[in-house]
Amino acid sequence: KGFILTGPDIPKVNGKPKGWTLEREPMLFETSVPGIFAAGDVRAGANRRVAAAVGEGSAAIYSIHRYLNTV
């Protein structure tokens, strides 16, 4: 439907997110490509409000910092 699936919304195949290559689960705003994050209106299930998008962006930055500590 034109939206990006992230975190727990990524479909699973054999109990693992489809296309996922790492041992850990994707973070909340992480796409099926490790290290690529999406927030705001592009995300499936997003609230479609400016304030919500700003909040998601802020939370995504936290996830990006966590990701960068692992590489």
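The accessible surface of this chain comes to about 4800 Å², and carbon and sulfur atoms account for 59% of that area. The model you are looking at is predicted, so let us keep an eye on confidence as we go. Of the chain's 71 residues, 28% count as buried. As for charge, there are 9 positive and 6 negative charges, and their mean positions lie 4 Å apart.

How far can the model be trusted? The average pLDDT of the chain is 88, and 96% of the residues score at least 70. Strand β1, covering residues 12-13, has the highest confidence at 92, while α1 has the lowest at a mean of 89. It helps to remember a general point here: where pLDDT is low, the predicted coordinates should not be read in detail.

Now for the overall plan. The chain holds one helix and two strands, and reading along the sequence you meet them in the pattern β-β-α. The radius of gyration is 12 Å, close to the 11 Å that the globule rule gives for 71 residues, so the chain is as compact as a globular protein of that length. Taken along the principal axes, the C-alpha atoms fill a box of roughly 35 × 30 × 15 Å. If you look at contacts between residues at least 6 apart in sequence, 39% of them join residues at least 24 apart.

Let us start the walk with the loop between β1 and β2, where you will find Asn14. Asn14 has a positive phi of about 55 degrees, although it is not a glycine. For comparison, most residues other than glycine have a negative phi. Is Asn14 buried or exposed? Its relative accessibility is 81%, over the 50% cut-off, so Asn14 counts as exposed.

Next comes the loop between β2 and α1, and several residues there are worth a visit. Gly19 is one of them. With a relative accessibility of 56%, Gly19 counts as exposed. From Gly19 to Gly40 is a step of 21 residues along the chain, and their C-alpha atoms are separated by 22 Å.

Pro26 sits in the loop between β2 and α1, but Pro26 counts as buried, at 11% relative accessibility. Which residues does Pro26 touch, not counting those up to four places away in sequence? They are Gly7, Ile10, Pro17, Trp20 and Thr31.

Further along, Ser32 is also found in the loop between β2 and α1. Ser32 is partly exposed, with a relative accessible area of 32%. Setting aside residues up to four places away in sequence, Ser32 touches Leu5, Ile10, Lys18, Gly19 and Trp20. Gly19, which we have already met, is thus among the contacts of Ser32. Ser32 and Pro11 are 21 residues apart along the chain, with 9.3 Å between their C-alpha atoms.

Pro34 belongs to the loop between β2 and α1 too. At 22% relative accessibility, Pro34 counts as partly exposed; the cut-off for buried is under 20%. Leaving aside neighbours within four places in sequence, Pro34 is in contact with Trp20, Thr21, Leu22 and Tyr67. Tyr67 deserves a second look: Pro34 and Tyr67 are 33 residues apart in sequence, yet their C-alpha atoms are 8.6 Å apart in space. Trp20 is a name to notice as you look around this loop, since you can find Trp20 among the contacts of Pro26, of Ser32 and of Pro34.

Our last stop is helix α1, which spans residues 50-68 and includes Ser63. Where does Ser63 stand, buried or exposed? Ser63 is buried, with a relative accessible area of 6%. Beyond residues up to four places away in sequence, Ser63 touches Met27, Phe29 and Phe37. The helix residue can also be related to the loop we passed through: Pro26 and Ser63 are 37 residues apart in sequence, and 10.0 Å separates them in space, C-alpha to C-alpha.

Note on methods: Residues numbered from 1 in each chain as written. Predicted model: local features only at pLDDT ≥ 70, side-chain atom pairs only at ≥ 80, totals over all residues. Heavy atoms only, no water. Helix = DSSP H or I, 4+ residues; strand = E, 2+ residues; numbered from the N terminus. Rg over C-alpha atoms; globule rule 2.2 N^0.38 Å. Buried < 20%, exposed > 50% of the residue type's maximum accessible area, 1.4 Å probe, protein only. Contact = heavy atoms within 4.5 Å. Areas by Shrake-Rupley, 256 points an atom, 1.4 Å probe, with all protein chains shown as cover. Lys, Arg positive; Asp, Glu negative; His and termini not counted. Charge placed at Lys NZ, Arg CZ, Asp CG, Glu CD. pLDDT = per-residue confidence, 0-100.
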